[in-house]
Amino acid sequence: MDINGTVAVVTGGGTGIGAAVAEALARKGAAAVIVNYSRSAEEAEATVTRLRDLGCKAEAMAADVSDDAAVRRLAERVRSGHGRVDALVCNAGTTKWVPFPDLEGLTGDVWRQVMGVNLMGPFYCARAFARDLRAARGAIVNVASIAGILATGSSIAYGVSKAALIQLTRDLAVALGPEVRVNAVAPGMVATRWHIDRVGEQVFAEMTQRENAKAPLRRTAQPQHIAQMVTALLESDMVTGEVLVGDGGRHLGY
């Protein structure tokens with residue numbers, strides 16, 4: 001896929017990795033980028049402003065991706081406003097921080113919320129935009145996590161949701177082929193507010209220093225590094241059903 005001139009939808013596109021992906025698409029010449037958000041309206045509008053400054057026709061559109069009806073309304077709004085969708089990046093995600101031994105902390109509400117956003121959200125989006133993506137011979141990239149491959153992360157529910165998303169990626173690659181390619185990225189620790197706000201800047205720096213000492217590349221991923229992986233998969237016309245790990249090689253030593 002040549003990103004120049006395309007129409008892309010990025011869920012959770014107002015902050016962090018999503019915002020970096022949206023900007024990377026704009027820099028590569030995307031004609032329009034729809035920045036989906038659920039709660040971060042102010043940040044989404046700020047991202048849209050940056051994209052417009054790059055010459056991209058950008059819009060912020062609210063939708064809770066765990067709500068199938070809301071996702072279908074989002075798809076119809078994009079369809080009526082732009083006439084096509086070439087790329088879908090399912091980045092919206094959530095978690096609950098529950099230590100692994102605390103099984104009682106994994107309530108039904110935790111499971112429903114985490115799986116609803118992290119697994120059902122990408123499925124609802126893929127289904128709602130399937131017609132448009134098939135017509136455009138487009139591509140989907142799901143943002144998973146190293147926690148979906150290894151027993152690590154913020155909670156068991158989070159890891160299971162990302163493991164399921166990786167399998168959904170493979171299944172959708174079969175279901176939507178040959179017209180639509182479906183791949184995923186699996187970041188490790190990324191320097192976003194999602195991590196930093198949780199523990200504070202000093203603790204985050206200490207954590208990443210310890211992790212980097214074990215990683216071949218000896219550095220922490222920034223959001224733009226994950227965006228680079230996403231655009232690479234969008235542009236890779238013979239790749240589908242694959243998961244690209246982006247953790248500086250840290251997983252090689254687990």
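Where is Pro 178 found? I began with this residue and noted that the model is a predicted one. Pro 178 sits in the loop between H5 and S6, and the peptide bond that joins Gly 177 to Pro 178 is cis, with omega at about 5°.

**The helix before that loop**

I then went back along the chain to H5, which covers residues 156-176. Helix H5 has 21 residues and reaches 29 Å from its first C-alpha to its last, which is close to the 30 Å expected at 1.5 Å a residue. I listed the buried residues of H5, among them Ala 157, Tyr 158 and Gly 159, then Lys 162, Leu 165 and Ile 166, and further on Leu 172, Ala 173 and Leu 176.

**The sheet**

In what order do the seven strands of the open sheet stand? I read the order as S3-S2-S1-S4-S5-S6-S7, with parallel pairing. Strand S3 (57-62) and strand S7 (243-246) stand at the edges and have a single partner strand each, so one side of each is left without a neighbour in the sheet. I also noted the turn between neighbouring strands of this sheet, which is 15° on average when direction is ignored.

I looked next at S1, residues 7-11, and asked whether its two faces are covered or open. Both faces of S1 are covered: Val 7, Val 9 and Thr 11 are buried on one side, and Ala 8 and Val 10 are buried on the other. The tally for the strand agrees, with five of its five residues buried.

For the partners of S1, I checked S2 and S4 in turn. S1 pairs with S2 in the parallel sense over four bridges, and in S2 the bridge partner of Val 7 is Ala 32. S1 and S4 also run parallel and are joined by four bridges, and here Val 10 stands opposite Val 89 in S4. One step further along the sheet, S4 (residues 87-90) pairs with S5 (residues 139-143) in the parallel sense over four bridges, and Leu 88 stands opposite Ile 140 in S5.

**Helices on the sheet**

I followed the chain from S1 through helix H1 (residues 16-27) to S2, and these three elements make a right-handed β-α-β unit. Helix H3 (residues 68-82) lies across S1, S2 and S3, and its direction is at about 155° to S3. Helix H4 (residues 108-136) lies across S1, S4 and S5, and runs at about 180° to S4.

Helix H8 was the next one I examined. With 13 residues (223-235), H8 reaches 19 Å from its first C-alpha to its last, close to the 18 Å expected at 1.5 Å a residue. What do the buried residues of H8 pack against? They pack against H1, S4, S5, strand S6 (181-187) and S7. The buried set of H8 includes Pro 223, Ile 226 and Ala 227, as well as Met 229, Val 230, Leu 233 and Leu 234.

**Cysteines**

How many disulfides does the count come to? With a cut-off of 2.5 Å between cysteine sulfur atoms, the count comes to zero. Cys 56 is in no disulfide, and the nearest cysteine sulfur, that of Cys 90, is 18 Å away. Cys 56 is nevertheless buried, at a relative accessible area of 4%. Cys 125 is likewise in no disulfide, and the nearest cysteine sulfur to it, again that of Cys 90, is 4.7 Å away. I entered Cys 125 as buried too, with 2% relative accessibility.

**Two arginines with positive phi**

I finished with the backbone of two loop residues. Arg 137 has phi near 50°, a positive value in a residue other than glycine, and this residue is found in the loop between H4 and S5. Is Arg 137 buried or exposed? Arg 137 counts as exposed, at 55% relative accessibility.

Arg 218 has phi near 55°, which is again a positive value in a residue other than glycine. The place of Arg 218 is in the loop between helix H7 (201-212) and H8. Arg 218 is exposed as well, with a relative accessible area of 51%.

Technical notes. Residues numbered from 1 in each chain as written. Predicted model: local features only at pLDDT ≥ 70, side-chain atom pairs only at ≥ 80, totals over all residues. Heavy atoms only, no water. Expected span 1.5 Å × (residues − 1). Buried < 20%, exposed > 50% of the residue type's maximum accessible area, 1.4 Å probe, protein only. Pairing = 2+ DSSP bridges. Axes fitted to C-alpha atoms, helices over the stretch in contact; angles between N-to-C directions. Contact = heavy atoms within 4.5 Å. Right-handed = clockwise from strand over helix to strand, strands pointing away.
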